[in-house]
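Reader: I have a structure open at my bench and would love a guided close look at one part of it. Could you start with a single loop and then work outward from there?

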Amino acid sequence: MARVQLVIPDEDRDRFVHQARREGMTLSAWLRAAARERLEEQQRSDPFDSPADLEGFFRECDALEGSTPEPDWVEHVDVIAESRSRGASNT
């Protein structure tokens, strides 16, 4: 097993130790678990296996948007121009 030295501010160490004890773990075990969780979270994104998967993804995204259509480009440009002329946005 490899040994890793970590330099962190004292107050972070105190917070990490406190949380590790609350979870019934040593600081070392808690840091390993936190690192593993972060790796798993980053690796959860599954790649698309086919064009059909990609199309399904976009259908799901469209369904999340609801039934109100997005303004067309001309409307966006008009809002931007109006905002620039006033120096503030409507949002």
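Author: Happily! Let us begin at Gly24, which lies in the loop between helix 1 and helix 2 (27-43). Please keep in mind from the outset that this is a predicted model. Is Gly24 buried or exposed? Gly24 has a relative accessible area of 66%, and since anything over 50% counts as exposed, Gly24 belongs in the exposed class.

Now look from this loop towards Arg86. How far apart are the C-alpha atoms of Gly24 and Arg86? They are separated by 58 Å, with the two positions 62 residues apart along the chain. Another pair gives a similar kind of view: the C-alpha atoms of Met1 and Val79 are 78 residues apart along the chain and separated by 60 Å. Val79 lies in helix 4, where its relative accessibility of 46% makes Val79 partly exposed.

With those distances in mind, let us step back to the whole chain. The protein has four helices and zero strands, and reading along the sequence gives the pattern α-α-α-α. The radius of gyration is 24 Å, while the globule rule gives 12 Å for 91 residues, so the protein is more spread out than a compact globule. Its C-alpha atoms fill a box of roughly 60 × 45 × 25 Å along the principal axes. Of the 91 residues, 8% count as buried. The accessible surface comes to about 8800 Å², and carbon and sulfur atoms account for 52% of that surface.

Back to the loop, and to the helix before it. Helix 1 covers residues 10-22, and here Arg15 and Asp12 are three residues apart, which means that about one helical turn separates them. Their side chains meet in a salt bridge, with 3.4 Å from N to O. What are the accessibilities of these partners? Arg15 is exposed at a relative accessible area of 55%, whereas Asp12 is partly exposed at 22%. A second salt bridge joins Arg13 to Asp14, where the closest N and O atoms are 3.4 Å apart. Both of these side chains are partly exposed: Arg13 has a relative accessibility of 41%, and Asp14 has 44%.

As a general point, side chains of opposite charge can pair when their charged atoms come close. How many salt bridges does the protein have? The count comes to three. To find the remaining example, return to Arg86, the residue we used as a far marker for Gly24. The side chain of Arg86 meets that of Glu82 in a salt bridge of 2.6 Å, N to O. Glu82 and Arg86 are four residues apart in helix 4 (residues 73-86), so about one helical turn lies between them. Glu82 is partly exposed, with a relative accessible area of 39%, and Arg86 is likewise partly exposed at 43%.

What about charge across the protein as a whole? There are 12 positive and 20 negative side chains, and the centres of these two sets lie 15 Å apart. Some of the negative side chains gather at the surface. Which residues form the negative surface patch? Its members are Glu23, Glu37, Glu40 and Glu41. You can use Glu40 to place this patch on the screen: Glu40 lies in helix 2 and is partly exposed, with a relative accessibility of 46%.

For a contrast in chemistry, turn to the nonpolar surface patch made by Phe48, Leu54, Phe57 and Phe58, which has an area of about 370 Å². Leu54 is a handy residue to click on here, as its place is in helix 3 (residues 51-65). With 35% relative accessibility, Leu54 counts as partly exposed. A residue needs over 30% relative accessible area to join a patch, and the 35% of Leu54 fits that cut-off.

To retrace the route, we left exposed Gly24 in its loop, followed the salt bridges, including the one between Arg15 and Asp12, and visited a negative patch that includes Glu40 and a nonpolar patch that includes Leu54. If you keep one overall picture, let it be a protein of four helices and zero strands in which 8% of the residues count as buried.

Note on methods. Residues are numbered from 1 along each chain as its sequence is written. This is a predicted model: local features need pLDDT of at least 70, side-chain atom pairs count only at pLDDT 80 or more; totals for chains, interfaces and linings use all residues. Side-chain values use heavy atoms; hydrogens and water are left out. Helices (H or I, at least four residues) and strands (E, at least two) are DSSP runs, numbered from the N terminus. The radius of gyration is taken over C-alpha atoms; the globule rule is 2.2 Å times the number of residues to the power 0.38. Buried means under 20% relative accessible area, exposed over 50%, partly exposed in between (1.4 Å probe, protein chains only). Accessible areas come from the Shrake-Rupley method with a 1.4 Å probe; for residues, only the protein chains shown count as cover. Lys and Arg count as positive and Asp and Glu as negative; His and the chain ends are not counted. The place of a charge is taken as NZ of Lys, CZ of Arg, CG of Asp or CD of Glu. A salt bridge is a side-chain nitrogen of Lys or Arg within 4 Å of a carboxyl oxygen of Asp or Glu. Patches are made of residues with over 30% relative accessible area and no salt bridge: like charges are joined within 9 Å, nonpolar side chains (Val, Leu, Ile, Met, Phe, Trp, Tyr) within 5 Å.
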